[in-house]
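Dear colleague,

I am passing the structure on to you with this message, and my notes on it follow below. Please read them with the model open beside you.

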Amino acid sequence: MALGKYSRVDNNNNTRRSSSYCSTVTIVVFVGLCLVGIWMMTSSSVVPDQNGDDPAQEKKNQLEDQVTQVINESNDGSNTPQFEDNPGDLPEDATKGDSNVSLARDDGTGNLNTQENQENTEETKLDESKKDNEQSDSESVEKNNDSGENSGGQGDFEENSDDKKADPEESNGKPDSDENDKKSDSEDGEKKPDENSSESNGDKVDGQIEGKVDQNDNKESDKSSGEAKDDGQVKNQSSNEVFPSGAQSELLSETMTQNGSFSTQATESKNEKEAQLSSKEYSWKLCNSTAGPDYIPCLDNWEAIRHLPSTKHYEHRERHCPEEPPTCLVPLPEGYKRPIEWPKSREKIWYYNVPHTKLAQIKGHQNWVKITGEYLTFPGGGTQFKHGALHYIDFIEESVPDVAWGKRSRVILDVGCGVASFGGFLFDRNVLAMSFAPKDEHEAQVQFALERGIPAVSAVMGTKRLPYPGRVFDIVHCARCRVPWHIEGGKLLLELNRVLRPGGFFVWSATPVYQKIPEDVEIWEAMVELTKAMCWELVNKTSKDAVNGVAVATFKKPTSNDCYEQRSQQEPPLCPESDDTNAAWNVPLQTCMHKVPVDASERGSQWPEQWPARLEKSPYWLLSSQVGVYGKAAPEDFAADNEHWKRVVKSYINGMGINWSSVRNVMDMRAVYGGFAAALKDLNLWVMNVVPIDSPDTLPIIFERGLFGMYHDWCESFSTYPRSYDLLHADHLFSKVKKRFV
């Protein structure tokens, strides 16, 4: 019986041979098995010794018996000289299957029995497909002896595994004779070791199989590598057709389901590969900086600061960006909490969000900031308005009624803002204040402002122009800003002249305005002389306010060039016509003044509409002859953008799941006309409109609308503290930045 069975296996597709030929083959196989047994006993192979001729053992554990069979048969092929076997045109690696099968059997022994039924579902389709390939063999291959056919069969299985996987229906079309069933049973034994090897050795065995397929058909290898991982369900369907009855069919049906607690190896491997790829692409580390949670790359670049030739003009407070922008994460301060919402944040913030006490110690007596339990509180506002900023704001308007907060005066610049209480309370007057101060010994003053929900940036008046266009601010304010306006020909005051609108006000309430000590008197006299040479009119100088004990001097910029032309001395000189007043990014300061525009169609020749009418109306100097950003005539372009963002913002508010009551500080990273900010005007927030330096210069239009913003290069860090903004809006920003590197 044993000989009869093995003869059928060894002669897979020769079922119609004569009985005399079968007898001859049987004798040859028997002799071969004997020789293989002797060889296995004397060799160093790790294949366990099994008795393949015992029918009882075969019935008890058919799978192990079949694995042993394929090993023996493959070993027969390796001893071809003893049988005078000619392997013909079979590839060399067809005879290398022995070692692979042995390893698979050895490595997979622990899992072989427990996963037997599951593996059967994976292998049955391959069994049936193998019949097709073997039937297509030439007559010369059929005449090879039995061991040669077996070794070739192993090679055929490996080489054509992709065809078998890809074409499960082809095998289903064959008649299911008893002989075919038996061949399927025996061939299972050949394929199980390879399947188990794939599961136990993973990608290593996949690579071996692909290498063999590549030697014969590169196209087939592409299919094989993909289908071997993804076609489990097709294999299960095929196996159900081959084994249609009994408990085995029931088990096969169960293995087809993908429910329950057990995921597939393919899924687990795919997820792990994706996780590893993701971790490689986005491997972020914490920034290692002495600034810690307050790290601002372009302001804390101490390597560059140490090599500055001079710090006389506050060069060490200016931007010095690293050559390689940092790709690290700034850590949170210990104990950080979600910020307090506006307007309560104007009065108090969490101490651990900005855990700095130095400013409270230095300026506590001036009511800048105090530590109150777990809060930092802001009882007054600043040095010049200890008893509240609102009284000070009203005091300014009373001294100069043309200031008209929230109507004529909408966008102002606050120089040396401290904790920005002045700008914070101007919201009550419908005024936007662009506040700035350096990152200096007044520890975290701008950070306090932003945490309170007040607009501010870290900047200094040093050697470069401020990042704003010319003639855009309605008022420039300086309380006790400690800026030496009068020195070096008034270079710093001339920068304020550049950004101030013709007819705009400079409000100054520093000690030289009202104190009589010699130093202050000297500064005041120098300022009067300088402002007169600049053709600024001293509109009013008040006496001391009874509440805050300060006085205010208000100067007005001229609206024509008459005064410039009538000066006896051209000091400070007028800037050349080639000097662009809007050029502001990293441009050195110049000791000169720009002429006032006089053409009715030129920006700055007229004062904007009063607020809020100026928000919706196209600027008077935007002409139909000009082409807008989106290709239409400039006024039409402006109007279309305005309507577009009204619709988009409506969908933002209603459909994005954002709790807008918790949003206060907003940045539009590519603002264009400022339509996004304009559409948010009814919400209790403010928007920093950024115009990238490589985009069309539309920032003057944004200011004309009664909004504010600044220029910036998004290849560098922004001049603000970490955790400054509640919402960042980027419309077509990254695609634009990416094009710069193409």
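In what sense do strand β14 (residues 686-692) and β15 pair, and over how many bridges? The two strands pair in the parallel sense, over 4 bridges. Please keep in mind throughout that this is a predicted model.

To stay with these strands for a moment, Asn689 has Gly709 as its bridge partner in β15, and β14, helix α30 (residues 699-704) and β15 together make a right-handed β-α-β unit. Strand β15 (residues 709-712) is covered on both faces, since Gly709 and Tyr711 on one side are buried, as are Met710 and His712 on the other.

The second largest pocket holds about 960 Å³ of space, and its lining consists of 32 residues, of which Pro297, Trp714, Glu716, Ser717 and Phe718 lie nearest its centre. The elements that give two or more residues to this lining are β2 (328-329) and α31 (734-739). Divided by class, the lining of the second largest pocket has 25 nonpolar, 4 polar and 3 charged residues.

Turning to the aromatic side chains, the count comes to 23 aromatic pairs. In one of these, the ring centres of Phe385 and Phe422 are 6.3 Å apart and the planes are at 40°, so the pair is tilted. Phe385 lies in the loop between β5 (375-377) and α21 (389-399), whereas Phe422 belongs to helix α22 (residues 421-426), so the pair ties together parts that are 37 residues apart in sequence. Both Phe385 and Phe422 are buried.

Trp714 and Phe718, already named for the pocket, have ring centres 5.9 Å apart and planes at 20°, so this pair is stacked. Trp714 has a relative accessibility of 18% and counts as buried, and Phe718 is likewise buried, with a relative accessible area of 9%. Elsewhere, ring pairs link Trp485, Phe506, Trp508, Trp524, Trp536 and Phe555 into a cluster.

Finally, I would draw your attention to helix α23 (residues 445-452), in which 8 of the 8 residues are buried, so that the helix is largely enclosed by the rest of the structure. The buried residues of α23 include Gln445, Gln447, Glu451 and Arg452, as well as Val446, Phe448, Ala449 and Leu450. Just after α23, Gly453 takes a positive phi of about 90°.

With best regards

Technical notes
Residues numbered from 1 in each chain as written. Predicted model: local features only at pLDDT ≥ 70, side-chain atom pairs only at ≥ 80, totals over all residues. Heavy atoms only, no water. Buried < 20%, exposed > 50% of the residue type's maximum accessible area, 1.4 Å probe, protein only. Pairing = 2+ DSSP bridges. Right-handed = clockwise from strand over helix to strand, strands pointing away. 1 Å grid on protein atoms, 1.4 Å probe; cavity = no way out; pocket = protein on both sides within 12 Å on 5 of 7 lines; lining within 4 Å. Points joined across faces, edges and corners; volume = space filled by probe spheres on them. Nonpolar A, V, L, I, M, F, W, Y, C, P; charged D, E, K, R; others polar. Phe/Tyr/Trp six-rings, centres within 6.5 Å; stacked < 30°, edge-to-face > 60°.
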